[in-house]
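Student: Can we go through this structure together? I'd like to know how the helices pack.

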Amino acid sequence: MDENTKDTRRKFLNNGWKLGLASIVGGAALTHLKEGFAFETKGPAGEKMELMDVDGNIIEVDPIDMEEVDLEQVTHNVRRGIPGRKFTMVVDLAKCQNALACQRSCNKHHFVTGDNAWLKVYKMQETEDTSPYWMPTLCMHCDQPACVTVCPVDATFKREDGLVLIDNDRCVGCRFCMAACPYSTRVFNWNEPKQEFEMNMDMVEEMHSPEHAGMPSIKGTVDKCDFCPHQAEKGELPHCVTACPNGVFYFGDKNEDVVTNGNETVRLSKLLEENAGYRLFEDLGTEPSVYYLPPKDRLPFEEGLENYNEFQSVEKPDVP
Amino acid sequence: MSKYDQLIKDLGPRKFSLKGKLWVALLLAVIVAGIIAYVDQLIEGQVVTNMRDYVLWGVYISNFVFFVATSFVAAVVVAALRLTKNEWRRPFVRMAQIVALACIIMAGITIIIDMARPDRMMNLFIHARLQSPITWDVIIIPTFIVVSLLLLYFPLLGDLAILRDHYSETNKKLSKIYGFFAMKWRWSEQQIKLQGKSIRLLVLMIIPLGLILESIDAYLFSTTYRVGWNSTNFGPYFISGAMVSGLGALITVVYIVRKNKQLQNYITEYHFDKIGKLFNLTCLIYVYFNINEYLVPLFTAKKGESEHLETLLRGEFAIPFWIVTLAGLVFPAILLMFQRFRKPRPLYLIAIVVVLGAWWKRYLIVTPTLLHPYLPIQGVPENWHHYFPSVHEWLITGATLAMALLIITLLIRYVPVISIDRLAEEEAERLTSEKKAAA
């Protein structure tokens, strides 16, 4: 092998998205090829393929005898989180105009088919004399999560990287977490979710993990915003952050003291200090991971009214 | 054993009359309808209910709370009155145990009905987490079922043996069944000693267990950040409410049984007067806790809380709230102070109203709070802003109530409603003491 292919391979491995290969090979030698094996194709189809086995020996296999399997290699413990991280979000209310691109993007990427979106933009007005503003809410990923406390089966759990996630394979559907959440952020799959996937269903079942909520949603269990760890894994921002045309959402790492909305990357502490950042219902002691910047000098409120729909947060396809 | 004959005739098993058969048939019909609805709920999901993301608990939970509350009656009538040596409790004890057992069993079943994934029920044991109030419930409810069952069963042994002997000639099959459950009971000294010890222990256990049960039921609500639930008053509030609904249910059952079995000689006006006084006391205590829960907070209620109180006192839920509070609690508490309302029939009518009120009361504790989350309800269909149970929910809830009534009916059919063993013993004691006096 020449240097070039080795490099490519190394890069490929370092990406964190290692491809595994399971193969059905005639003979006894390779009945148990597991994930983590690198492979490469040489030349056009029909020729032999080079593979590396557990001991590092290169062997040649006919591609006809192989079946490619996409195995996501999670390098961290799903219940413990990505080591060293403390995910944080800042929502700048001054920039929110109820464009709802965040919500649409979230609904799409989490295959939300119910009637209650995970990310909602509230029309807020404290009193008659104070001005109205738009307030996006998602799961606050509290450091003292009320939902986790009351869960009887540890289906919803708190990770070291700050995320509160749900194991939909364990949830018994008692809905106590929903009763406990003061932010009304949790939604329930009251019926069989009518989700559509581009991949075949077996594949989805194989891949589904608390790190990508809604893929697939499971009847009789609770769903909510997951802070998109599947994106973080790829080094990308959550869907709502990238979708927002106004840069409302800043996402980042509190340990690094950095957040970004995709356009600008700023110091978290400075952003909060300069803009008088606060958290929702601080007095409850839930210690949310989501901060808000007050709606000072904000974009005109009225323009958001066009998109406002009190009774709908998930667009439904027109039923003929 | 001729000394039992009259007692068995009066109190023992009696075949269902036509009315009784119709009653059982009605209950069975309601239960079958409920089971069909439940199977449909299992297939379709909880979507068949009218619960949604905001009103995430509905009539199932309030019905559950009602059952748990009513099952407290055993602790009050059987245990507390025994420990305070109130002899007038005797004719009520057996029926109180029956009502308590039926209710706690149905409470257990009702909470499973509310679970959207009953197929994963074992997770509650496999992955149990001790800080969740649901886990506390998982521990206390089966415990309470077992203790209630034993508290009914152990004192019953003598009666079962009497019936075993009674039917030994006339009905061999029935005699065998009673004999099986009588566990070779022969009134031996050792048996009686062991029985007495066991019952004393159970009686001592059921009071703290009952208090724990009712408190946990309250903590299911008060451990959440919810206006109207997050109240330190909730534990005693639920305990006092439990005494009211438990006694109400017991008085209702006792009156009906007394009328149908012609037990006027066994359960006299004196007994009704006594239990009416106890009922009155519990109602007054409950009034007190209602004042703490709804009136005192008016002075310092924060915005969310005052909005919640507003919907109860003047708004959406005002009509049911005031009917339940006035007709179901305050008026009974006042009326029961007068002796003539503690006569059997008026007391029975009051008790029925109180029980109905107690059922709706739980509904008013669960639902209105859920419609007042901290953040406004937005972005969901309009009908999610309100809640009224769906047909499925009514059918299933009706079936759980019918099942409780069926358990009570069948137990009353086959088991002496007042301990024959005990009555015969008392009679014997009376005779010997009379003899002594004469001598």
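Tutor: We'll take two helix pairs and one glycine. This is a predicted model, where local features need pLDDT of at least 70, side-chain atom pairs count only at pLDDT 80 or more, and totals for chains, interfaces and linings use all residues. Residues are numbered from 1 along each chain as its sequence is written, chains are lettered from A and ligands numbered from 1 in the order written, and side-chain values use heavy atoms, without hydrogens and water.

Student: At what angle do α7(B) and α10(B) cross?

Tutor: Roughly 150°, with the axes of α7 (residues 133-153) and α10 (residues 189-222) of chain B coming within 9 Å. So α7(B) is roughly antiparallel to α10(B) (over 145 degrees).

Student: Which residues of α7(B) and α10(B) meet?

Tutor: Among them are B:Trp136 and B:Phe144 in α7(B), and B:Met205 and B:Tyr219 in α10(B). Contact means heavy atoms within 4.5 Å. The contact residues divide into 19 nonpolar, three polar and one charged.

Student: New topic. Is B:Gly108 buried or exposed?

Tutor: B:Gly108 counts as buried, because its relative accessibility is 14% (buried means under 20%, with a 1.4 Å probe and protein chains only). B:Gly108 is in helix α5 (residues 90-114) of chain B.

Student: What does α5(B) pack at an angle of about 120° with?

Tutor: Helix α11 (residues 234-261) of chain B, with the axes 10 Å apart. That makes α5(B) oblique to α11(B) (oblique is what remains after under 35, over 145 and 65 to 115 degrees).

Student: Which residues make that contact?

Tutor: Including B:Phe92 and B:Met95 of α5(B), and B:Leu250 and B:Val253 of α11(B). The contact of α5(B) with α11(B) has nine nonpolar residues, no polar and no charged.

Technical notes
Axes fitted to C-alpha atoms, helices over the stretch in contact; angles between N-to-C directions. Helix = DSSP H or I, 4+ residues; strand = E, 2+ residues; numbered from the N terminus. Nonpolar A, V, L, I, M, F, W, Y, C, P; charged D, E, K, R; others polar. Buried < 20%, exposed > 50% of the residue type's maximum accessible area, 1.4 Å probe, protein only.
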